[in-house]
Amino acid sequence: MAGTARIIPLTEATEPGFGVYVHWPFCAAKCPYCDFNSHVRHQQVDQDRFVAAFKAEMATTRGMSGPRTVTSIFLGGGTPSLMDPATVDAILQEIARLWHVPDGIEITMEANPSSVEATRFRGYRAAGVNRVSLGVQALNDRDLKWLGRLHDVDDALKAIGLAREIFPRMSFDLIYARPGQTADAWAAELRRAVDLAVDHLSLYQLTIEEGTPFFGLHKAGKIVVPDGEASAALYEATQAITAEIGMPAYEVSNHAIPGAESRHNLTYWRYGDYAGIGPGAHGRLSVGPDKIATATERHPETWLARVEEEGRGFVDCTMLEREEQADELLLMGLRLREGVDLARWQTLSGRELDPEREDFLIQQGFIERLGNSRLRCTPSGMLILDAVVADLAC
């Protein structure tokens, strides 16, 4: 799949689109905060065998989705930058064979700074990748070590420089609300990040996820993260600084120069369709008026054997009731600054929002109407997003 110099700009239209997500489940090391489906293998992974399985699962999924025009592709993980460029090329070629892939659509690949090499980056670019998302996570060596990252700040700066040189678009992630982090320290780190960024930043608050090493340490009192008030101050500093420099939040944790929003992630948040390929991948596929939720086997080798035997690694393939779709639409859409399309929600749910609940949340300053057609959370509402969604969905 040949690379193109131009990326189709994001328009003002709010059509969800159709994305393809491919999950590469392997990492060089497992970070202690991570609950993603990632696995460490000390022997070389048979990439050719996995490519063949990806192709088989794509073909099965294409039979479910029918002919579609792809609006974005995302290679996530795990650490996709551990893939050979030839593996990436084979995956992208197969997507283009099965669905219609216009020139210039957004094709994103996640990468870790510790696995970045100029030759590999150029190989990914030649395969068609035109946007890279770097897992930087912190801009000081002490916290990078605490987070279990294999790179240091120098590695991160080198990776950012290469990404800026090779790819038309680049984003990187940072984690804040780390133990002992003050609003002033985070503001200084964030301003440095802004100077390094091109058009997009993903800024996530540290969460202690069950099943991770950090969960046990936190439960034992060996990790103390900022409390609710301190976390709110860090979040508010994030919003203020990014807005000040022209990279406002378009989603709870994502910030971009207008027009440079992640097209693929917008497909999720606008509740569009997406094919989920690979171990632990999830998908949403419309079949007429219905929507199917898919999920695949998480364990890589078990997924591989299942695909080789059955042509797909699905462990779940469920037809969603319209009320379930309405709840998912609300949950995803209220994450966005543009809000949720109320007419679409009403069509799916078969009802209107409870006026008393809506009025209460408006009076409390947690939600607001955008004309008669859209509803969104205010900055204060974003701080308690889960509660707002739960209240509206009742």
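Where is Ala 177 found? In this predicted model, Ala 177 sits in the loop between β7 and α6. Its phi is positive, near 65 degrees, in a residue other than glycine. Most residues other than glycine have a negative phi, and most peptide bonds are trans. Ala 177 is also buried, with a relative accessible area of 3%.

Gln 137 gives another case of positive phi in a residue other than glycine, with a value near 75 degrees. Gln 137 belongs to strand β6, which covers residues 131–137. Its relative accessible area is 9%, so Gln 137 counts as buried. A glycine with positive phi follows helix α8: this is Gly 246, with phi near 80 degrees. A cis peptide bond joins Gly 77 to Gly 78, with omega near 25 degrees. Gly 78 lies in the loop between β4 and α2.

Both glycines of that cis bond are in contact with Glu 110. Glu 110 is placed in strand β5. Its relative accessible area is 24%, and Glu 110 is therefore partly exposed. Neighbours within four places in sequence aside, Glu 110 contacts Phe 74, Leu 75, Gly 76, Gly 77, Gly 78, Pro 80, Ser 81 and Ser 133. Asn 265 lies 155 residues from Glu 110 in sequence. In space, the C-alpha atoms of Glu 110 and Asn 265 are 13 Å apart.

Helix α2 begins after the loop that holds Gly 78. Helix α2 spans residues 85–98. Its 14 residues should span 20 Å at 1.5 Å a residue, and the end C-alpha atoms are 20 Å apart, which agrees. The buried residues of α2 are Thr 87, Val 88, Ala 90, Ile 91, Leu 92, Glu 94, Ile 95 and Leu 98. An α-helix has 3.6 residues a turn, so residues three or four places apart point the same way. The partners of the buried residues of α2 are β1 (18–24), α1, β4 (72–77), β5 (106–111) and α3.

How do the axes of α2 and α3 pack, and at what angle? Helix α3 covers residues 118–127, and its axis lies 9 Å from that of α2 at an angle of about 15 degrees. The cut-off for roughly parallel is under 35 degrees. The two helices, α2 and α3, are therefore roughly parallel to each other. The crossing of α2 past α3 is right-handed. On the α2 side, the contact is made by Pro 85, Val 88, Asp 89 and Leu 92. On the α3 side, Arg 120, Gly 123, Tyr 124 and Ala 127 take part. By class, this contact of α2 with α3 holds five nonpolar, one polar and two charged residues.

Helix α1 has its own helix partner in α10. The axes of α1 and α10 (residues 300–310) come within 9 Å and cross at roughly 55 degrees. The pair α1 and α10 is therefore oblique. Their crossing is left-handed. From α1, the residues that meet α10 are Arg 49, Phe 50, Ala 53, Phe 54, Ala 56 and Glu 57. From α10, they are Pro 300, Trp 303, Leu 304, Val 307 and Glu 308. By class, the contact of α1 with α10 has eight nonpolar and three charged residues, and no polar ones.

Thr 61 also lies in α1, which runs over residues 47–65. With a relative accessible area of 2%, Thr 61 is buried. Residues up to four places away in sequence are not counted among its contacts. Thr 61 then touches Trp 99, Ala 275, Ile 277, Leu 285 and Phe 314.

Helix α8 covers residues 228–244, 17 residues in total. From first C-alpha to last, α8 reaches 24 Å, close to the 24 Å expected at 1.5 Å a residue. Which residues of α8 are buried? They are Ser 231, Ala 232, Leu 234, Tyr 235, Ala 237, Thr 238, Ile 241 and Thr 242. These buried residues pack against two helices, α6 (183–196) and α14 (379–383). They also pack against strands β7 (169–176), β8 (200–205) and β10 (254–256). Two of these partners, β7 and α6, flank the loop in which Ala 177 is found.

Terms used
Residues numbered from 1 in each chain as written. Predicted model: local features only at pLDDT ≥ 70, side-chain atom pairs only at ≥ 80, totals over all residues. Heavy atoms only, no water. Axes fitted to C-alpha atoms, helices over the stretch in contact; angles between N-to-C directions. Helix = DSSP H or I, 4+ residues; strand = E, 2+ residues; numbered from the N terminus. Parallel < 35°, antiparallel > 145°, perpendicular 65-115°, else oblique. Left-handed = near helix turned anticlockwise from the far one by under 90°. Contact = heavy atoms within 4.5 Å. Nonpolar A, V, L, I, M, F, W, Y, C, P; charged D, E, K, R; others polar. Buried < 20%, exposed > 50% of the residue type's maximum accessible area, 1.4 Å probe, protein only. Expected span 1.5 Å × (residues − 1).
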